[in-house]
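Here is a protein to explore by question and answer. Look at the model first, then work through the turns below.

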Amino acid sequence: MSGKYLVTGGAGYVGSVVAQHLLEAGHEVTVLDNLTTGFREGVPEGADFIEGDIRDAAKWLDPSYDAVLHFAAFSQVGESVVKPEKYWENNVGGSMALLGAMRERGVRKLVFSSTAATYGEPEQVPIVETAPARPTNPYGASKLAVDHMITGEAIAHGLAAVSLRYFNVAGAYGSCGERHDPESHLIPLVLQVAQGRRDVISVFGDDYPTPDGTCVRDYIHVADLAEAHLLALRAATPGEHLICNLGNGNGFSVREVIETVRQVTGHPIPEILAPRRGGDPAVLVASADTARERLGWNPTRADLAGIVADAWEFAQSVAKG
């Protein structure tokens with residue numbers, strides 16, 4: 001059965017891929033994005049597009065929408081430390097305005113793009129949803145604040161809501177892939193070295209308690225991530241706020257990622273050792289048992305080489321214009 005969905009931030013990386021999956025499933029999609037960090041060409045063909053801010057969502061929402069999928073947020077951890085007010089105003093204030101618009105217009109289902117940054121430095125891995133939420137930066141804190149707001153909205157006003165806490169999203173799907181300015185994610189940074197756009201890749205610390213001494217992270221393909229959002233729409237229950245981690249449950253070290261990029265691209269990737277960055281946990285790996293049990297979600301693209309290959313193809317297509 002087809003539905004009608006508003007995708008906020010649907011011109012960004014994850015939002016655009018989810019919008020594409022919704023269209024392929026036969027749904028009607030409207031993308032709302034102010035293009036502050038998104039790209040107009042990222043909006044999938046077949047989706048209606050509104051250039052606007054989530055604070056003004058009441059202008060366009062009406063009861064004909066079955067749900068909102070909310071991706072609109074600033075997401076640069078480093079920037080959030082030096083400009084926390086920007087993250088409180090947009091991520092928290094904007095989300096509060098969106099929840100109010102949904103309540104006012106009678107749209108009672110929400111899937112929210114949350115993050116593993118809500119956990120901070122974990123006491124144990126794999127990380128489960130009941131782990132203490134102690135974010136170490138304003139970005140993670142802003143996402144956690146929105147999760148708290150959603151819980152209250154579900155209890156008080158019957159909202160059907162699912163928050164999906166992503167670990168490291170990578171790869172590409174069709175014409176949609178990862179591009180940020182400035183770029184801060186490991187795989188696209190290493191691919192920039194392969195393209196000759198960056199001289200070297202920095203390895204921040206090689207003395208962690210991991211097999212090769214570098215940080216280990218859980219990488220999930222963006223297409224697997226998108227499929228979880230469609231499943232979340234089905235699982236959302238009035239009055240409940242369900243929180244699910246999304247990850248593969250497997251970790252790859254920084255040096256494993258670099259070596260995989262060398263193999264996939266055929267390019268040498270010079271690296272330099274840099275000091276540890278403050279607040280970088282040694283290992284961040286998800287337990288996705290809740291997503292499997294409640295959503296029926298099973299990621300099928302867990303191969304790191306495949307994730308890198310998709311990202312490499314997208315990076316080359318962007319470079320060629």
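## A covered helix and its surroundings

The buried residues of helix H5 pack against strand S7 (168-170), S8, strand S10 (219-221), helix H7 (254-265) and helix H9 (304-319). The model is a predicted one.

Q: How many of the residues of helix H5 (residues 186-194) are buried?
A: Buried means under 20% relative accessible area. The buried residues of H5 include Leu-186, Pro-188 and Gln-192. Helix H5 is mostly covered, and the count of buried residues is nine of nine.

Q: Which residue just after H5 takes a positive phi?
A: H5 covers residues 186-194. Just after H5, the phi angle is about 85 degrees, and the residue is Gly-196.

Q: How many helices and strands are there in the protein?
A: H5 is one of the helices, and it spans residues 186-194. S7 and S10 are among the strands. In total, the protein has nine helices and 14 strands.

Q: Why is the protein as compact as a globular protein of that length?
A: The globule rule gives 20 Å for 321 residues. The radius of gyration of the protein is close to that value, so the protein is as compact as a globular protein of that length: the radius is 19 Å.

Q: What share of the 321 residues is buried?
A: A residue is counted here if its relative accessible area is under 20%. For the protein, the buried share is 54%.
The exposed surface is a separate matter: about 13,700 Å², with carbon and sulfur atoms supplying 50% of it. The share of buried residues asked for is 54%.

Q: What share of the contacts with a separation of 6 or more comes from residues 24 or more positions apart?
A: Contact means heavy atoms within 4.5 Å. Val-29 touches Ala-47, for example. Among contacts with a separation of 6 or more, residues 24 or more positions apart account for 78%.

Q: Is Val-29 buried or exposed?
A: Val-29 lies in strand S2. Val-29 touches residues including Tyr-5, Leu-22 and Asp-48. Its relative accessible area is 1%, and the cut-off is under 20%. Val-29 is therefore buried.

Q: Where is Cys-215 found?
A: Cys-215 is in contact with Tyr-208, Phe-252 and Pro-281, among others. Cys-215 and Val-203 are twelve residues apart in sequence and 9.1 Å apart in space, C-alpha to C-alpha. Cys-215 lies in the loop between strand S8 (201-204) and strand S9 (216-217).

Q: How many disulfides does the structure hold?
A: A disulfide needs two cysteine sulfur atoms within 2.5 Å. Cys-215 counts as buried at 7% relative accessibility, and Cys-244 counts as buried at 0%. The number of disulfides in the structure is zero.

Q: Which residues does a cis peptide bond join?
A: Most peptide bonds are trans. In this cis bond, omega is about 0 degrees. One partner, Pro-126, is in the loop between strand S5 (109-115) and helix H4 (138-157). The cis bond joins Val-125 and Pro-126.

Q: Which residue other than glycine has a positive phi near 60 degrees?
A: Most residues other than glycine have a negative phi. The residue in question is found in the loop between strand S2 (28-33) and strand S3 (48-51). At 23% relative accessibility, it counts as partly exposed. The residue is Leu-35.

Methods: Residues are numbered from 1 along each chain as its sequence is written. This is a predicted model: local features need pLDDT of at least 70, side-chain atom pairs count only at pLDDT 80 or more; totals for chains, interfaces and linings use all residues. Side-chain values use heavy atoms; hydrogens and water are left out. Helices (H or I, at least four residues) and strands (E, at least two) are DSSP runs, numbered from the N terminus. The radius of gyration is taken over C-alpha atoms; the globule rule is 2.2 Å times the number of residues to the power 0.38. Buried means under 20% relative accessible area, exposed over 50%, partly exposed in between (1.4 Å probe, protein chains only). Accessible areas come from the Shrake-Rupley method with a 1.4 Å probe; for residues, only the protein chains shown count as cover. Lists of a residue's contacts leave out its neighbours within four places in sequence.
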